[in-house]
Amino acid sequence: MITIAEEVQTALAEGKPVVALESTIITHGMPYPANIETARQVEDDVRAAGATPATIAVMDGSIRIGLTNADLDRLANADDVMKCSRADLAIAMSQGRMGSTTVAATMMAAHAEGIRVFATGGIGGVHKGAEESFDISADLDELNRTPVCVVAAGAKALLDLPKTLEVLETRGVPVIGYRTDELPAFWSRESGIAVPYRMDTPEEIADLLKVRQVFGSHGGVLIANPVPAEHEIPRAEMAGYIDEAVARAAADNIRGKAVTPYVLSAILELTGGRSLRTNIGLVRNNARLAAQIAAAL
Ligand code: PSU
Ligand code: MN
């Protein structure tokens, strides 16, 4: 059920650092051709930092760990790719559909092959208005159960960040600010919300992961890594775009899995393309840190 690229297999067998990468950001997070360019760039960043990249997706009925250039092309160009979270993974496989993996599904696949560090853009979380919609990403439950270290620029700021942090605490997920005392807000370095813990080196994070690993059932860890200052869109400016995008999603009756992709593309339009450059900058930054953590492990 899992097809693992030889390069990834060899790296794992030799105990070399490997970084898992998700694919929903390619199919549902960024427009073509920035999606494919970024996917390749991020793999190069992981390599340059001394680790082996393992981009994960569902193709031809199996979970692929480590994609070829041709696979990446197919994925980025197809328009009927399923966005696979935990609930969707086996359906895409049993039906032979092409599927991209969210944070939750990428964690499942990475853990199945012993990959311990994973870089993404931002995790899913508790949506604004969740008290009515009950829309809470399966990413949070996955962090509760699957022992993978997820490096992200916090949760996407279109979410309700205080509620997202509360649910992570309830689910027993340590949230660690990397060189920051504040929870980063994806496009912005600041959110006004204190992060529970702070660490300043990849080695400190690796030490934490080694302790967590002793307790096999302790689930994942979230590393919140702020977007580099040169790429950020400040919080005060972002707030207006987010409110407008979330209001549009409500007016268009967007629900469920479609919410995150819809809001991301509305924000892209509202920022005149600036949010895309921010998104690329933060994913690359997360990939580099993930490679350093994997190497320290
Ligand atoms: N961050 C991005 N772009 C994305 C996502 C995150 O910059 O496309 C994806 C991730 O794969 C994440 C998913 O797991 O959105 C969350 O979707 P939902 O809220 O439907 O669980
Ligand atoms: Mn949802």
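At about 120 Å³, the largest cavity is the natural place to start. The model here is a predicted one, and it holds 2 cavities of 30 Å³ or more. So much for the head count; now for what surrounds each void.

Around the largest cavity, 14 residues make up the lining, and those closest to its centre are Glu22, Ile25, Ala39, Val42 and Val283. In terms of secondary structure, two helices turn up with two or more lining residues each: α2, spanning 24–29, and α3, spanning 34–48. Of these, α3 supplies the largest share, with 4 residues. Sorted by class, the wall of this cavity comes out as 8 nonpolar, 5 polar and 1 charged residues.

The second largest cavity encloses about 40 Å³ of space. Its lining can be listed in full: Ile123, Gly154, Ala155, Leu161, Thr164, Leu165, Leu168, Leu183 and Leu222. Here helix α9, which covers residues 161–170, gives the largest share of the lining, again with 4 residues. As for chemistry, 7 of the residues around the second largest cavity are nonpolar and 2 are polar, with no charged residues.

Put side by side, the two linings read as follows. The largest cavity has 1 charged residue in its wall, whereas the second largest cavity has none. The largest share comes from α3 in the largest cavity and from α9 in the second largest.

Technical notes:
Residues are numbered from 1 along each chain as its sequence is written. Chains are lettered from A and ligands numbered from 1 in the order in which they are written. This is a predicted model: local features need pLDDT of at least 70, side-chain atom pairs count only at pLDDT 80 or more; totals for chains, interfaces and linings use all residues. Side-chain values use heavy atoms; hydrogens and water are left out. On a 1 Å grid over the protein atoms alone, a cavity is a set of points where a 1.4 Å probe fits but cannot get out, and a pocket is an open set with protein on both sides within 12 Å along at least five of seven lines; lining residues have an atom within 4 Å of a point. Grid points are joined across faces, edges and corners, and a volume is the space filled by probe spheres set on the points. Ala, Val, Leu, Ile, Met, Phe, Trp, Tyr, Cys and Pro count as nonpolar, Asp, Glu, Lys and Arg as charged, and the others, Gly among them, as polar.
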